[in-house]
Amino acid sequence: MKIIDQSLLNILATWQKELEQSTSDQELEALRIAYLGRSGRVNELMGRLKKLPLEEKRTFGPQVQQLQEIITQGLHTAQQKLREESQEKELSKKKNFDVTASNPSIFDKATGSLHPYTHLIERIEDIFTSMGFAYAQGPEVETEWYNFEALNIPADHPARDMQDTFWLTTPGLLLRTHTSSVQVHTMKTQQPPLAVFTPGRVFRHEATDATHDFMFMQCEGLLIDKNISLTHLCSLLKVFMRTLFEKNDLSIRLRPSYFPFVEPGLEVDISCIFCKNGCALCKKTQWIEMGGSGLVHPETLKACGIDPTLYSGCAWGIGIERLAMLLYGINDIRLFHSGKIEFLKQF
Ligand code: PHE
């Protein structure tokens, strides 16, 4: 049925114009209400139709119906087109997404930085590699043998109490208590001459306070060759500490101590880097404790398959946190893995 009634043709013309101008879901919905809603144009026409004499109803009725169909269909097509367009837009956004694009305003506010561990380990790594030492690594979950026995600490040895241990539920497995276990891995798999450094995380079953934590980082240096003596250890320690603290007049002091895997065992102190006459940081002693050292025990060499009559070695270990606390003036060791953003932001 063709629409010939002028008033209907007028409505149709306005509708078409309005439809063309509607470019959003909301506008289309408003148009639907205006034409097809309860008090919309089409219902108005239906009311008019009811009042017409029968003869006119016959010609006007189908034309109103036709108009209603055109409007319904038009709305439907327009809505679908809109949906397709927005899907296409989304798709092209994804397709043209530039992973290299940067938004400076975001980066200004949220710049990441390196953890103090990373700063220090990189620094330590530089010193060791400049002296010809290679990086060595071992597992954090260790067997009793690598952590204790090979290091001359048998099960009934009182020295086991020096390092309170986190034991795993699997018998014989533990979280390594020191990075000396990496020395064992290295000596067992490589033949001398050997020169390695071993930065890594270690674990101790200890009560925590500002200077003790259950998890911390250590780094050891190990040198094995023919005729290695205390002289080598002393000069290596001197070069290492002087470079680390960027202080050419730094002195080293070695005190007799005991670690089962070295003989002799020596505690390493450095002259205080903050004062000449005693301060709070060196507890008025002018010396700061830096860690343990010594000549590798013949029993340890033997356990790792190295002949102690041919080779000897020296080793020293330092705590990374203690170093960072000194260098950066940090007063609580627990801050390192607290994840506190205020702390991390400073580095
Ligand atoms: N492994 C010892 C500790 O954790 C430190 C050390 C390393 C001592 C190397 C001597 C030689 O206490």
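**The ligand shell and its surroundings**

Reader: Which element gives the largest share of the shell around the ligand?
Author: In this predicted model, local features need pLDDT of at least 70, side-chain atom pairs count only at pLDDT 80 or more, and totals for chains, interfaces and linings use all residues. Residues are numbered from 1 along each chain as its sequence is written, and side-chain values use heavy atoms, without hydrogens and water. Helices (H or I, at least four residues) and strands (E, at least two) are DSSP runs, numbered from the N terminus. Three residues, the largest share of the shell, come from β10.

Reader: How many residues surround the ligand?
Author: A residue counts if one of its heavy atoms lies within 4 Å of the ligand. The closest are H178, S180, R204, Q218 and F261. The full number is 13.

Reader: How many residues of the shell are charged?
Author: Asp, Glu, Lys and Arg count as charged; Ala, Val, Leu, Ile, Met, Phe, Trp, Tyr, Cys and Pro are nonpolar, and the others, Gly among them, polar. The shell has four nonpolar and seven polar residues. Its charged residues number two.

Reader: How far is a polar side-chain atom of S180 from a nitrogen atom of the ligand?
Author: An oxygen atom of the ligand is 3.0 Å from an N or O atom in the R204 side chain. For Q218, an N or O side-chain atom and a ligand oxygen are 2.9 Å apart. For S180 and the ligand nitrogen, the distance is 2.9 Å.

Reader: What percentage of the ligand's exposed area does the protein bury?
Author: Areas follow the Shrake-Rupley method with a 1.4 Å probe. Alone, the ligand exposes 330 Å². The protein buries 92%.

Reader: Which elements give two or more residues to the shell around the ligand?
Author: Each one named here is a strand by its β label. They are β6 (215-225), β9 (287-296) and β10 (312-319).

Reader: Which strand holds P264, the residue after a cis peptide bond?
Author: Most peptide bonds are trans. The bond from E263 to P264 is cis, with omega near 0°. Another cis bond, from P192 to P193, has omega near 5°, and P193 lies in the loop between α8 (180-189) and β4 (194-197). P264 sits in residues 262-271, strand β8.

Reader: Where does N227 lie?
Author: Most residues other than glycine have a negative phi. Phi of N227 is positive, near 60°. N227 belongs to the loop between β6 and α9 (230-244).

Reader: How far apart are the C-alpha centres of domain 1 and domain 2?
Author: Domain 1 covers 6-95 and domain 2 covers 116-344, with bounds from an automatic or database domain assignment. Their C-alpha centres are separated by 82 Å.

Notes. A polar contact is a pair of N or O atoms within 3.5 Å; within protein, one must be able to donate a hydrogen and the other to accept it, and residues adjacent in sequence count only if both atoms are side-chain atoms.
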